Amino acid sequence: MDEELDSYRRELLVHCYRMVGSVHEAEDLVQETMLRAWRARDRYEPRLASVRTWLYKIATNVCLTALRGRARRPLPSGLGGPSDDPDAPLTPAFEVPWLQPFPDALLDDPAARVVRRGSLRLALVAAMQALPPKQRAVLILRDVLEFGAAEAAELLETTPAAVNSALQRARAGLAGVAPEEEIAEPDDAEVGAVLDRYVRSFEAADVDGLVALLTDDAVMEMPPVPLWYRGRRDYGRFMARVFATAGSGWRMARTSANGQPALVAYHLSEGAYRLHTLQVFTVTPLGVARNVVFQDARVFAAFELPEIFGG
């Protein structure tokens, strides 16, 4: 049975990440789930539930316990209005437990089968973090993992009526999140072309080239800095500040996170291009709609990013 339990590890990692918004915490919670399952394996009843359903019950309750009394993990845009000052101080707020991105490299085939198009994207996970934990669990179980109301009720040790009520409230809480069908696929050729142009413009410190790729209300946010910008003008003004301060020595590498295209920026310093930021993009048919820029050693470690470009 140990091998069968372990075959669900990556799938459960995605589930726990959706619940808590942190890859590192999710890894710890999956480990706790596996430990509890192993200890309870002699009491498992196959006639009552599949191994997968049994593990999701354990994992969901492990997550709910971990979330008691904890602050939610936001992105900067979830904490206040945008800035219109491109010279505002870039002061990190390390006391905030920021939402972290999920490395797509951690998705093996079994996990990928339960990650529907768009269901892991950053904006959606961030919106989920604003829901009460029980509503979050219901939403994930019902709308993402597609458990029935009775199954979800069994997993959460409640009633189908309570599940349906919580689901209705959770869906209302996500009313402002763009539908999945409006998000372009990260492997779409057009998206790839947009990112190629973004790379060329960024490496050339070409602000006008970057701005031309944006939607009218494009967002840039930079956890752990709580500052964020909306719109082509302010996005461009901030990038002009970056290039004026740091110069034009940049290289970028492609990766992906949360089922979205991402770029790793390296800045020329002391004779080498050194790791600077991980940037996760939302690309729509109208252009780049959001860029979440992470400058966090824990995020870099989760993605196993090389410190030196080409290293």
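A residue counts as buried when its relative accessible area is under 20%. Keep that cut-off in mind as we explore this predicted model.

**Exercise 1.** Work out what share of the chain is buried and what makes up its exposed surface.

*Solution.* Start with the cut-off above: under 20% relative accessible area means buried. Applied to the 311 residues of the chain, it puts 50% in the buried group. Next, turn to the outside: the chain exposes about 14400 Å², and carbon and sulfur atoms supply 50% of that area.

**Exercise 2.** Decide whether the radius of gyration agrees with that of a compact globule.

*Solution.* First take the expected value: for 311 residues, a compact globule would have a radius of gyration near 19 Å. Then compare the chain, which has 21 Å, so the two agree. For the extents, the C-alpha trace spans about 65 × 40 × 40 Å along its principal axes.

**Exercise 3.** Trace the sheet from one edge to the other, then place a helix on it.

*Solution.* Begin with the inventory: the chain has 13 helices and 6 strands. An open sheet of 6 strands follows the order β2-β1-β6-β5-β4-β3, and its pairing is mixed. At the edges sit β2 (225-230) and β3 (250-257), each paired on one side only. Neighbouring strands are turned by 20° against each other on average, direction ignored.

Now zoom in on β3: 8 bridges join it to β4 (residues 260-269), and the two run antiparallel. One example is R251, whose bridge partner in β4 is Y266.

Finally, add helix α12 (residues 232-246), which lies across β1, β2, β3, β4 and β6. Its direction is at about 50° to β1 (214-222).

Key:
Residues numbered from 1 in each chain as written. Predicted model: local features only at pLDDT ≥ 70, side-chain atom pairs only at ≥ 80, totals over all residues. Heavy atoms only, no water. Pairing = 2+ DSSP bridges. Helix = DSSP H or I, 4+ residues; strand = E, 2+ residues; numbered from the N terminus. Axes fitted to C-alpha atoms, helices over the stretch in contact; angles between N-to-C directions. Contact = heavy atoms within 4.5 Å. Rg over C-alpha atoms; globule rule 2.2 N^0.38 Å. Buried < 20%, exposed > 50% of the residue type's maximum accessible area, 1.4 Å probe, protein only. Areas by Shrake-Rupley, 256 points an atom, 1.4 Å probe, with all protein chains shown as cover.
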